[in-house]
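Me: I am new to this structure and would like a friendly tour. Could you take my questions one at a time?

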Amino acid sequence: MAYYLEKISQTKGHQEILKQIDLKIEENEVFAILGPSGGGKTTLLNILAQIDQPTSGRFYGDNDAQPKGILVFQDYRLFPHMTVVQNITFGLKMRHIPKKARLARAAEIMKTMGISDLAKRYPDELSGGQQQRVALARALILKPKLVLMDEPFSSLDEGLRLEMLNFVKQLQQQFQLTIIFVTHYKNEAYLLSNQVAILIDGTVMQLDEPAHLEQAPANLAVAEFLGQANFIPGTWIDKTIKTAIYQGPVTWHTAKKPVTPTLYIPFAQFLQLTVSDYPAFKAQVLDHRWIGNLERVTLQVGTTVLSVNLPPNAVTTGESYDFYFKQLPVVY
Ligand SMILES: Nc1ncnc2c1ncn2[C@@H]1O[C@H](COP(=O)(O)OP(=O)(O)OP(=O)(O)O)[C@@H](O)[C@H]1O
């Protein structure tokens with residue numbers, strides 16, 4: 001079943017927390033809602049979980065059906081007096097699923113999550129990460145129609161968080177689950193979902209693929225939230241922009257030409273040392289640091305300092321280089 005959010009608004013007191021949210025969530029997909037703190041993510045999930053009523057708008061399934069079988073995944077506490085397999089099969093037992101079928105389903109899910117050998121242990125004999133895996137297995141074994149997850153792994157360290165996200169993805173595919181996943185970490189959203197909705201100030205500001213989001217944020221608010229970019233204020237001189245580091249032609253992704261333009265230079269994929277049709281500026285290298293397969297290079301142009309990602313050993317500290325835009329630079 002696909003799910004539809006139609007013009008959902010929520011007002012509390014005088015505050016308009018959600019403004020006319022329209023979204024469609026396809027069956028068997030992980031749909032990521034990404035946004036800063038206070039953007040309205042939890043308020044929206046509470047409406048989808050039917051804990052709260054919207055001020056206006058509707059949440060419904062195919063053929064106007066009321067969504068059922070919704071599971072909110074947030075409580076990791078395991079039953080301390082039950083073994084791992086008893087914890088995992090508890091929900092199925094409550095639903096009167098026969099023991100043989102319960103154990104078969106538990107065996108399948110435990111195998112996926114690499115916890116088969118923990119089956120007979122009690123929660124206090126497990127590491128934090130193992131407990132998380134059991135909790136995830138215990139929830140998803142119920143094969144809910146729709147799973148809502150509100151920053152479920154935000155308290156975990158990065159390694160464990162990525163591991164849990166991989167399990168979510170695997171279980172989602174194995175059990176054909178529909179998941180709405182809310183987060184303020186863009187990498188989590190990108191890892192889980194091909195379509196990401198950016199929720200800022202109660203408005204879905206962009207619904208897009210991760211790569212396109214980074215290349216062409218819909219507006220300045222989205223670009224600033226996604227971060228990893230330089231924002232240089234400028235003024236118009238006819239159709240060109242004048243900033244402290246660059247003067248020349250630009251383009252914009254917003255519907256209207258911005259009144260006070262801000263030059264947008266993401267760290268990645270916008271600047272290069274190879275000559276192009278779009279000369280940018282001459283800059284001195286202040287610093288360059290290894291960040292995986294690239295280097296984060298700090299540049300100075302006049303009194304402006306900016307950052308850019310370049311291949312390793314492309315530059316030397318103290319030297320000056322001519323930089324070029326890969327394409328016509330963008331303003332917001
Ligand atoms: N009951 C309420 N009455 C008034 N304002 C509220 C109420 N609940 C939430 N808000 C406000 O609505 C806005 C959105 O809150 P919400 O918790 O949905 O955001 P969020 O994106 O989930 O943030 P976080 O990631 O910090 O949890 C915030 O400004 C919050 O202060």
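Here are some questions and replies about this predicted model.

Me: Let's begin with the whole chain. How many helices and strands does the protein chain have?
Reply: Happy to start there. The C-alpha atoms of the protein chain fill a box of roughly 75 × 45 × 30 Å along the principal axes, and 34% of its 332 residues count as buried. As for helices and strands, the protein chain has eight helices and 20 strands.

Me: Which strands stand at the edges of the six-stranded open sheet?
Reply: Let's walk along the sheet, whose order is β5-β6-β7-β3-β8-β9 with mixed pairing. A strand at the edge has a single partner, so one side of it is left without a neighbour in the sheet. That is the case for β5 (70-73) and β9 (203-208).

Me: Which residue of β7 is the bridge partner of Ala32?
Reply: Strand β3 covers residues 30-34, and β7 covers residues 178-183. The two strands pair in the parallel sense over five bridges. Within β7, the bridge partner of Ala32 is Phe181.

Me: What angle does the direction of helix α1 make with that of β6?
Reply: Helix α1 spans residues 41-48 and packs on the six-stranded sheet. There α1 touches β3, β6 (146-150), β7 and β8 (196-200). Its direction makes an angle with that of β6 of about 155°.

Me: Now the three-stranded sheet. By how much are its neighbouring strands turned against each other on average?
Reply: This open sheet has the order β2-β1-β4 and antiparallel pairing. Its edge strands are β2 and β4 (56-61), each pairing on one side only. With direction ignored, neighbouring strands here are turned against each other on average by 15°.

Me: Over how many bridges do β1 and β2 pair?
Reply: One place to look is Tyr3, which stands opposite Ile25 in β2. The sense of the pairing between β1 and β2 is antiparallel, and the number of bridges is seven.

Me: Is His14 buried or exposed?
Reply: First find His14 in the loop between β1 (3-12) and β2 (15-25). A residue with 12 or fewer other C-beta atoms within 10 Å counts as exposed. His14 has 5 such atoms within 10 Å, so this residue is exposed.

Me: Which element gives the most residues to the shell around the ligand?
Reply: There are 13 residues around the ligand, and Lys12, Ser37, Lys41, Thr42 and Thr43 come nearest. Two elements, β2 and α1, give two or more residues to this shell. The element that gives the most, with three residues, is α1.

Me: How many residues of the shell around the ligand are polar?
Reply: We can sort the shell by class. One residue is nonpolar and two are charged. The number of polar residues is 10.

Me: Which helix gives the most to the largest nonpolar core?
Reply: This core has 83 residues, and those with the most contacts inside it are Ala32, Ile88, Ala137, Ile180 and Phe181. The helix that gives the most covers residues 128-140 and provides six residues. That helix is α4.

Me: Which residues is Ile88 in contact with, leaving aside its neighbours within four places in sequence?
Reply: Ile88 is among the residues with the most contacts inside the largest nonpolar core. Once the neighbours within four places are set aside, the contacts of Ile88 are Ala106, Ile109, Met110, Val134, Ala137, Arg138 and Ile141.

Methods. Residues are numbered from 1 along each chain as its sequence is written. This is a predicted model: local features need pLDDT of at least 70, side-chain atom pairs count only at pLDDT 80 or more; totals for chains, interfaces and linings use all residues. Two strands pair if DSSP finds at least two bridges between them. Helices (H or I, at least four residues) and strands (E, at least two) are DSSP runs, numbered from the N terminus. Two residues are in contact if their C-beta atoms, placed from the backbone, lie within 7 Å. Axes are lines fitted to C-alpha atoms, for helices over the stretch in contact, and angles run from 0 to 180 degrees between N-to-C directions. A residue is buried if 20 or more other C-beta atoms lie within 10 Å of its own, exposed if 12 or fewer, and partly exposed in between; C-beta atoms are placed from the backbone. A residue is near a molecule or strand if its C-beta atom, placed from the backbone, lies within 6 Å of it. Ala, Val, Leu, Ile, Met, Phe, Trp, Tyr, Cys and Pro count as nonpolar, Asp, Glu, Lys and Arg as charged, and the others, Gly among them, as polar. A nonpolar core is a set of buried Ala, Val, Leu, Ile, Met, Phe, Trp, Tyr and Cys residues joined through C-beta atoms within 7 Å.
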